[in-house]
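Student: I would like a close look at a single part of this model, followed outward into whatever surrounds it. Please take me through it carefully, in one connected account.

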Amino acid sequence: MTDPTDRALSRAERQAMPVALDVAVEIAKHNGVCIRPVVLRRLDTHTGTTEDVNVPCGTTMEAKCPPCAKRNRYLRMAQCREGWHLEAEPSITPDEPTEEQRWLVEFRADMQAQRDAAEQAGDDTTELDAVLAGLDEEINAAGMRGNLLGRTAAKRNRSTRRRQDAPDLPKRVRQNTTLGRTFTSSDGATYRPSLFITLTLPSYGRIRAGQGVPVDPDTYDYPRAARDALHFSKLVDRFVQNLRRVAGYDVQYFSSVEPQKRLAPHLHMAVRGTMPRAEIKAIAAATYHQVWWPSVDEMRFEGEHLPVWTERPERAEPYPDGQDGDYLDPATGELLPTWHEALNRLDADEDAEPLHVVRFGPQVDVQGVLSGTPDADQCIRYLSKYLTKSLGDTLDADNPAQRAHAARMVEALRYEPCSPACPNWLRYGVQPKNAKADMAPGRCRGKAHKPEHLGYAGRRVLVSRKWSNKTLSEHKRDRRTWVMEALGLADETPDPHRYVWKPVPAGDDNIPSLALRLLRMVAERQRWRATLLALEASATGQDLSAVREAA
Ligand SMILES: [Zn+2]
Ligand SMILES: [Zn+2]
């Protein structure tokens, strides 16, 4: 711990001396302070004043800088622990939204649209994500649940004819409960057993034991590994649907997607309630997800021979598909089908096959867990073990075989369409959804293609709505309230409508250097820590070890 009275630090801050960034970063890390804070402009509607505020990058709830990732990991552990063995039904009874709440939600929708447009354009969305996270907190504080609002982006036009076939599984009558069964022992004690499930993708070829690299890279099925990783989160959704259908109650889960050494994603899932092991295995075996996208069997364009963009005639109202041009085949002048047209063709084709079908592998691990046991704690640590790492991070950079394995995986992903909007569709003669000028196959900026994600661009933690019945920001507030109460201080409830957040325009000269901002945040944290410790010293007879931890 850095001494809170460290004078060199505050002097550096006072005099705004130029500080080497790497030094400031080390000091920040040491103090558990975000090293990549986002500056947001905050309008105080009570006073009319504007202030620039450093928002920790981890506010967006994705593992970003190491200190934020660590803090989020602890929050996730708290969330996991709280929901796993709930004894009472969580109640979700939303009130009618007020005018102000409606306004917040509409504003959020606006910002979401801006963010989606930025992502589509391949721009950095960090700041807009931070704005959205801030808005979600306000919306929560206003008595609504941010994550119930869902994404407000335009609804995807889906191919309707091709439904996912229902797997052949028993179906129980659905009880209106999220709690599992309880068991009473002969001495009258009640047990509430739950499950810890690990699901893995199938084999793509033999793997060298302990090393995670293929025995024979030439026959290892990289294309399949790439597609399975791309669609893994959909497979998890299907598994949950099937689990609920068979279990006959509203099964709740907390799960994390983690990398295996062979660089495939796999899933750990804490489930509330219990079911027979054989049933879980049967559900995993019967679960699959079909990807109904246009075929990529035929490569129509590559190298210099690429589709050409042509503007549509200008008109007052926008085109229904939002495009203002089309790609055409330069050899024939023929327009390529738009994404919607391609999906319609797929629908009309009775013999069409899905582009891909993803399933789990035969390795399914199911453990029964009782609340409050060391086993349960170990599972919770396991669930959050890799949350601070991205999929590609498990790679041993000094191991040439692993590096080569990862490089082959990235290569397999290079021309694989990662989403309807992926420019790679041009290679197969289809216009990407919302196509625009200057798209080229192999140059998609989507997360899934990047070496650190290796095909899996989804969220790392997937939590069902009625798990702990709280959002992560509610868990965060709990922790703060708890500390304040332990200290005998009242935690004032902030007025949720007080602040309006905006991103700071790029290149704004008023923003201090990152080094200086980090040192200011460290100083703030040290003040808060010193206050807590002083209060702790004055409090008598109370166990305040958790306060010390929070400090
Ligand atoms: Zn951070
Ligand atoms: Zn892509």
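Tutor: Contact here means heavy atoms within 4.5 Å, and that cut-off underlies the list of neighbours given below for H268. The model is a predicted one, and the part I have chosen is the sheet around H268, a residue found in strand β7.

With a relative accessibility of 3%, H268 counts as buried, because the limit for that label is under 20%. Its side chain makes a polar contact with the side chain of T198, at 3.0 Å. When neighbours within four places in sequence are left aside, the residues in contact with H268 are F196, I197, T198, F254, S255, S256, E258, Y382 and L383.

The strand that holds H268 is β7, and β7 belongs to an open sheet of five strands, ordered β12-β5-β7-β6-β13, with antiparallel pairing. Strands of a sheet pair through backbone hydrogen bonds, either parallel or antiparallel. In the five-stranded sheet, β12 (364-369) and β13 stand at the edges with a single partner strand each, so one side of each is left without a neighbour in the sheet. From one strand to the next, the twist averages 15°.

At the β12 end of the order, strand β5 (residues 194-199) is joined to β12 by six bridges, and the two run antiparallel; within this pair, L195 stands opposite G368 in β12. Packed on the sheet is helix α8 (residues 232-247), which touches β5, β6 (253-259), β7 (265-271) and β13, and whose direction makes about 30° with that of β7.

Going on from the sheet, the loop between α12 and the edge strand β13 contains P441, a residue that is buried, with a relative accessible area of 12%. Not counting residues up to four places away in sequence, P441 touches L306, Y415, P423, N424, L426 and R427, while its C-alpha lies 7.0 Å from that of W425, although P441 and W425 are 16 residues apart in sequence.

Finally, there is the zinc ion (ligand 2), coordinated by C418 (SG), C422 (SG), C444 (SG) and H449 (NE2) at 2.1 to 2.3 Å, in a site that is tetrahedral, with angles of 103 to 116° among the four donor atoms. Along the chain these donors follow the spacing C-x3-C-x21-C-x4-H. Both C422 and H449 lie in the loop between α12 (400-414) and β13 (461-463), so the pair ties together parts that are 27 residues apart in sequence; C422 and H449 are both buried.

Conventions:
Residues numbered from 1 in each chain as written. Chains lettered and ligands numbered in written order. Predicted model: local features only at pLDDT ≥ 70, side-chain atom pairs only at ≥ 80, totals over all residues. Heavy atoms only, no water. Donors = N, O, S within 2.8 Å, 3.2 Å for Na, K, Ca; no water. Tetrahedral: all angles 85-135°; square planar, octahedral: opposite > 155°, others 65-115°. Helix = DSSP H or I, 4+ residues; strand = E, 2+ residues; numbered from the N terminus. Buried < 20%, exposed > 50% of the residue type's maximum accessible area, 1.4 Å probe, protein only. Pairing = 2+ DSSP bridges. Axes fitted to C-alpha atoms, helices over the stretch in contact; angles between N-to-C directions. Polar contact = N/O pair within 3.5 Å; in protein donor to acceptor, adjacent residues only side chain to side chain.
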